[in-house]
Amino acid sequence: MIIQELSDAEVAATAARAGAEVVRGLYGRELDRVDKGAGDFATAADLAAERAILDVLRAARPDDAVLGEEGGAQGAAGGRRQWLVDPLCGTLNYAVGNKLVAVNVALRGGAAAVADPFGGLFRTDGTTAWDEDGEVLAPTAATGLVDVNLDPPFPGAPGFRAVDLLAHPDFVAGFRPRVVSTTLALAWVAAGRRAAYVTDGGDLSGSVHFAAGIALCRAAGCVVTGLDGTPVGEDGARGLVAAADTVTHARLMTMIRSLAG
């Protein structure tokens, strides 16, 4: 099939697979690093994966704009459609030989894909979400596992600190924490491998890191809000609580509000 004839969901999946192939191929090598300040850095794998993703997007959607984690804004200025690209979420994990990483590609407000270079791919057309085998994602809180992002900065402090959530008596009684420091965890919530994911931050709806995972969770039927319960993307929403169901979301929100109070 001619690449321009692919649907947006197929473009997202093709681009994410291209990035994942690069990430997988460079895994375990000694890679040059690019210092981004404040302890953050990119590797040659981040840069090469983004180039591979952009090659797909330019071929399939030459008139669309792109916002890349490494390359910034490119393509048609002020374009109606914009792709959000995080070529390697979990760079620190990757650099030290940990395979918990993700490749995120999302059309703002539309289709998206999250690729686990070592495990598979999750995709959505904005309405339904599927795994690599075409099975519809089915969120569930059965695992009781909640991923919490503890990476700085901590914009909600002192009102909210994620580390305090882990010590909340109700959290300890009902859940078990996991901290993977990569948005792969959002795809796991959509796929039923995690009960929820919590992170502090600003408006994450347009973030190259979070847009694809948020799209997957919404399409799968998860409850996705900011830390104050406001739907992500609405005015005032900050941070992210993505839960498999309304019960899990409500339990976490009660804890978060008690900490902020």
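Guide: Let's start with a term: two strands pair if DSSP finds at least two bridges between them. Strands (E, at least two residues) and helices (H or I, at least four residues) are DSSP runs, numbered from the N terminus. What you see is a predicted model, in which local features need pLDDT of at least 70 and side-chain atom pairs count only at pLDDT 80 or more, while totals for chains, interfaces and linings use all residues. Residues are numbered from 1 along each chain as its sequence is written, and side-chain values use heavy atoms, with hydrogens and water left out.

Visitor: Okay, let me try a sheet. In what order do the seven strands of the open sheet come?

Guide: The order is 4-3-5-6-7-8-9, with mixed pairing. Strand 4 (72–74) and strand 9 (129–130) stand at the edges with a single partner strand each, so one side of each has no neighbour in the sheet.

Visitor: How many bridges join strand 5 and strand 6, and in which sense do they pair?

Guide: Five bridges, and the sense is antiparallel. You can spot one facing pair by finding Leu84, which stands opposite Ala106 in strand 6. On to the next neighbour: strand 6 and strand 7 are also antiparallel, over four bridges. There, Asn104 has Val114 in strand 7 as its bridge partner. Follow the chain between those two strands and you'll see a hairpin with four residues in between, where Gly109 in the turn has a positive phi of about 75 degrees.

Visitor: And at the strand 9 edge, how many bridges join strand 8 to strand 9?

Guide: Two, running antiparallel. Arg123 has Trp130 in strand 9 as its bridge partner.

Visitor: How do I read the two faces of a strand?

Guide: In a regular strand, side chains alternate between the two faces of the sheet. In strand 6, Ala102, Asn104 and Ala106 point one way, while Val103, Val105 and Leu107 point the other way, and all are buried. Buried means under 20% relative accessible area, exposed means over 50%, and partly exposed is in between (1.4 Å probe, protein chains only).

Visitor: What lies across the sheet strands?

Guide: Helices do, and contact here means heavy atoms within 4.5 Å. As for angles, axes are lines fitted to C-alpha atoms, for helices over the stretch in contact, and the angles run from 0 to 180 degrees between N-to-C directions. Helix 2 (residues 44–60) lies across strand 3 (65–68), strand 4, strand 5 and strand 6, at about 150 degrees to strand 5. Helix 7 lies across strand 5, strand 6, strand 7 (112–116), strand 8 and strand 9, at about 110 degrees to strand 7.

Visitor: Why is helix 7 said to be largely enclosed by the rest of the structure?

Guide: Because nine of its ten residues are buried. Among them are Ala211, Ile214, Leu216 and Cys217. Right after helix 7 comes Gly221, with a positive phi near 100 degrees.

Visitor: Now the pockets. How do I read one?

Guide: Picture a 1 Å grid over the protein atoms alone: a pocket is an open set of points with protein on both sides within 12 Å along at least five of seven lines, and lining residues have an atom within 4 Å of a point. Points are joined across faces, edges and corners, and a volume is the space filled by probe spheres set on them. The largest pocket holds about 970 Å³. Its lining has 34 residues, with Asp40, Asn149, Asp151, Pro152 and His209 nearest the centre. The second largest pocket holds about 230 Å³. Of its 15 lining residues, Gly109, Gly110, Ala211, Ala215 and Arg218 are closest to the centre. Helix 7 supplies the largest share of that lining, five residues.

Visitor: Any odd backbone spots? Which way is the peptide bond from Pro152 to Pro153, cis or trans?

Guide: It's cis, with omega near 5 degrees. The bond from Ala157 to Pro158 is cis too, with omega near 0 degrees. Pro153 sits in the loop between strand 10 (145–148) and helix 4 (162–167), and Pro158 lies in the loop between strand 10 and helix 4. Ser181 is worth a look as well: its phi is positive, about 55 degrees, although it is not a glycine.

Visitor: Is Ser181 buried, exposed or in between, and what is Gly90?

Guide: Ser181 counts as partly exposed, at 28% relative accessibility. Gly90 counts as buried, at 12%. Leaving out residues up to four places away in sequence, Gly90 touches Leu100, Val101, Ser181 and Thr182.

Notes: 1 Å grid on protein atoms, 1.4 Å probe; cavity = no way out; pocket = protein on both sides within 12 Å on 5 of 7 lines; lining within 4 Å.
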